[in-house]
Amino acid sequence: AETSCVERGRKSVAMPSEGLLRRWRHLDVSPDLESWPALPEEFTEVVAWSDLHTDMGQNMEHLRSLPELPGTVLILAGDVATSLETIESSLRLLLAKFGAVFYVPGNHELWVSKRDGWSSV
């Protein structure tokens with residue numbers, strides 16, 4: 001069951017872990033895999049990036065203007081945005097720009113909100 005609490009004037013919603021897993025499962029590897037997936041050898045570089053804050057200023061426009069880099073692996077180290085819709089849009093855009101994207105949520109993703117009541121990644 002969903003629970004909610006109010007702390008320092010902020011409302012947070014705690015979702016059962018199965019609800020969160022169901023929402024993001026399509027982005028995960030299959031549980032039937034016999035070995036961990038390997039990256040193709042054609043990747044030429046690995047780039048780490050954090051604090052995109054695509055819900056602030058011109059940051060989303062900056063992402064849109066990036067060239068396609070199919071030979072680059074992106075490690076996205078958190079603080080993408082504060083709404084699930086913006087995080088999802090940002091991830092979809094980055095997946096189209098880079099050869100592979102590895103995403104680790106940051107502190108800004110701990111308290112994201114969504115219109116349908118879901119909260120947190």
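A residue counts as partly exposed when its relative accessible area lies between the buried limit of under 20% and the exposed limit of over 50%, and this cut-off is worth keeping in mind while touring what is a predicted model.

Begin with the whole chain in cartoon view, where the secondary structure comes to 3 helices and 5 strands, arranged along the sequence in the pattern β-β-α-β-α-β-α-β. Of the 121 residues, 31% are buried, and among contacts with a separation of 6 or more, 73% join residues 24 or more positions apart. If you switch on the surface, the accessible area is about 8400 Å², with 55% of that area belonging to carbon and sulfur atoms.

Next, select helix H3 (residues 84-97) and show the side chains of Glu88 and Arg92, which are 4 residues apart and thus separated by about one helical turn. The two form a salt bridge in which the closest N and O atoms are 2.8 Å apart. Glu88 is partly exposed because its relative accessibility is 27%, whereas Arg92, at 53%, counts as exposed.

Then move to helix H2 (residues 59-65), where Glu61 and Arg64 are 3 residues apart, again about one helical turn. Their side chains meet in a salt bridge with an N to O distance of 3.1 Å; Arg64 is partly exposed at 47%, and Glu61 is partly exposed at 43%. The structure holds 2 salt bridges.

Finally, select Leu39, Val46, Ile75 and Phe102, which form a nonpolar surface patch with about 350 Å² of accessible area together. Within this selection, Ile75 lies in strand S4 (residues 69-76) and is partly exposed, with a relative accessibility of 35%.

Methods:
Residues numbered from 1 in each chain as written. Predicted model: local features only at pLDDT ≥ 70, side-chain atom pairs only at ≥ 80, totals over all residues. Heavy atoms only, no water. Patch = residues over 30% accessible without salt bridge, like charges linked within 9 Å, V, L, I, M, F, W, Y side chains within 5 Å. Areas by Shrake-Rupley, 256 points an atom, 1.4 Å probe, with all protein chains shown as cover. Salt bridge = Lys/Arg side-chain N within 4 Å of Asp/Glu carboxyl O. Helix = DSSP H or I, 4+ residues; strand = E, 2+ residues; numbered from the N terminus. Buried < 20%, exposed > 50% of the residue type's maximum accessible area, 1.4 Å probe, protein only. Contact = heavy atoms within 4.5 Å.
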